Amino acid sequence: MIRIDTCLLLGATGVGKTLLLKRLQNILWIGYWAKLMALPSTLPTVGTNLIDISLKRRKKVTLRELGGCMSSIWPSYYSDASSVIFMVDASNTSQVSSSCIQLLSVLAAEPLQDVSVLLIFNKRDIPCLMSLIEIKSLFRLEDIITSATQSITTMELSASSGQGLQEVLTWLESVTVK
Ligand SMILES: Nc1nc2c(ncn2[C@@H]2O[C@H](COP(=O)(O)OP(=O)(O)OP(=O)(O)O)[C@@H](O)[C@H]2O)c(=O)[nH]1
Ligand SMILES: [Mg+2]
């Protein structure tokens with residue numbers, strides 16, 4: 001049986017996980033330069049969203065979004081994961097501390113000790129009172145990266161404009177084995 005790597009897409013409700021999935025699907029269907037077509041609509045995910053993505057060098061990955069409203073049962077999906085994308089809404093400063101606590105509990109989970117982690121600061125198209133440097137320092141990001149057992153990459157994204165999408169795809173290619 002052929003097993004496909006699974007990347008878990010996690011983050012609080014409304015951070016943009018479903019839009020990212022749809023954007024990645026569009027990149028692959030109609031090409032990178034067509035990514036600015038009509039903004040796909042999304043609804044809050046109650047449960048899970050799955051898409052399979054074909055990458056370069058005949059690799060494949062399954063992206064599994066887990067809805068923010070079901071964070072209490074995220075851990076039941078951890079043992080299947082080969083990598084994790086954790087998304088933060090960088091325009092929502094009131095959500096920063098709860099997202100940070102959520103991220104710490106994801107990083108502490110036993111089945112996720114060896115996975116590669118991509119931390120995405122999304123909605124960079126929305127002007128925000130706090131700079132990204134301030135948000136990262138509120139997160140104590142340097143301490144988190146130093147003490148984590150995982151390899152953590154950080155990225156900025158606008159899932160709505162498409163800025164940063166190609167970098168997410170490149171990261172997926174770099175961490176997908178099969
Ligand atoms: N301006 C802007 N809006 C965004 C961006 N990404 C997502 N959104 C909007 O944010 C809202 C929530 O996006 P979703 O993708 O449904 O959020 P989610 O993380 O899947 O939320 P749950 O499924 O509830 O966990 C939608 O109206 C999106 O269009 C972005 O980069 N910029
Ligand atoms: Mg969703």
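User: Which residue of S3 stands opposite Leu50?

Analyst: That's Arg64. Keep in mind that this is a predicted model. The two strands involved, S2 and S3, run antiparallel and are joined by seven bridges.

User: What makes S2 and S3 count as a pair?

Analyst: Pairing takes at least two bridges between two strands. S2 and S3 have seven, so they pass that test. They also form a hairpin, with five residues between them.

User: What is unusual about phi in the turn of that hairpin?

Analyst: Look at Arg57: its phi is positive, about 55 degrees, although Arg57 isn't a glycine. Most residues other than glycine have a negative phi. Arg57 lies in the loop between S2 and S3.

User: Why is Arg57 called exposed?

Analyst: Count its neighbours: Arg57 has 6 C-beta neighbours inside 10 Å. Exposed means 12 or fewer, so with 6 Arg57 counts as exposed.

User: Which residue in the loop between H3 and H4 also has a positive phi?

Analyst: Arg140, with phi near 55 degrees. Its loop runs between helix H3 (132-138) and helix H4 (141-147).

User: Why is Arg140 called partly exposed?

Analyst: Arg140 has 13 other C-beta atoms within 10 Å. The exposed class stops at 12 and the buried class starts at 20, so a count of 13 puts Arg140 in between, as partly exposed.

User: How do you know that Leu66 is buried or exposed?

Analyst: Same kind of counting. Leu66, found in strand S3, has 22 C-beta neighbours inside 10 Å. The bar for buried is 20 or more, so Leu66 counts as buried. Leaving out neighbours within four places in sequence, Leu66 is in contact with Leu8, Leu10, Thr48, Trp74 and Tyr77. Its C-alpha atom is also 6.3 Å from that of Gly47, and those two residues are 19 apart along the chain.

User: Is Val46 buried or exposed, and what makes it so?

Analyst: Val46 has 9 C-beta neighbours inside 10 Å. Since exposed means 12 or fewer, Val46 counts as exposed. Val46 lies in the loop between H1 and S2. Not counting residues up to four places away in sequence, Val46 touches Gly67 and Cys69. For a long-range pair, take Val46 and Thr154: they are 108 residues apart along the chain, and 27 Å separates their C-alpha atoms.

User: What makes S2 and S6 edge strands?

Analyst: Strand S2 (48-54) and strand S6 (151-156) each pair on one side only. The open sheet has six strands in the order S2-S3-S1-S4-S5-S6, and its pairing is mixed. Its neighbouring strands are turned by 20 degrees against each other on average, ignoring direction.

User: Why is that sheet's pairing called mixed rather than purely parallel?

Analyst: Just compare the pairs. S4 and S5 pair in the parallel sense over seven bridges, and S5 and S6 also run parallel, joined by six bridges. S2 and S3, though, run antiparallel. On the parallel side, Val88 stands opposite Phe121 in S5, and Ile120 stands opposite Met155 in S6.

User: Why is S5 called mostly covered?

Analyst: Of its seven residues, six are buried. Buried asks for 20 or more other C-beta atoms within 10 Å, so six of the seven residues of S5 meet that bar.

User: Which residues touch the most other members of the largest nonpolar core?

Analyst: Cys7, Leu9, Leu10, Val84, Ile85, Phe86 and Ile120, in a core of 35 residues. Several elements each supply at least two residues, including strand S1 (5-11), helix H1 (17-30) and helix H5 (165-175). In soluble globular proteins, nonpolar side chains tend to be buried together. As for Phe86, its contacts beyond four places in sequence are Leu10, Gly11, Leu103, Val106, Val117 and Leu119.

User: Which residues come nearest to ligand 1?

Analyst: Gly16, Thr42, Pro44, Thr45 and Gly68, out of 21 residues around ligand 1. H1 gives the largest share of that shell, three residues.

User: How many residues of the shell around ligand 1 are polar?

Analyst: Twelve, alongside six nonpolar and three charged. Gly is put with the polar residues, so Gly16 and Gly68, two of the nearest, are counted there.

Terms used. Residues are numbered from 1 along each chain as its sequence is written. Chains are lettered from A and ligands numbered from 1 in the order in which they are written. This is a predicted model: local features need pLDDT of at least 70, side-chain atom pairs count only at pLDDT 80 or more; totals for chains, interfaces and linings use all residues. A nonpolar core is a set of buried Ala, Val, Leu, Ile, Met, Phe, Trp, Tyr and Cys residues joined through C-beta atoms within 7 Å. Helices (H or I, at least four residues) and strands (E, at least two) are DSSP runs, numbered from the N terminus. Two residues are in contact if their C-beta atoms, placed from the backbone, lie within 7 Å. Axes are lines fitted to C-alpha atoms, for helices over the stretch in contact, and angles run from 0 to 180 degrees between N-to-C directions. A residue is near a molecule or strand if its C-beta atom, placed from the backbone, lies within 6 Å of it.
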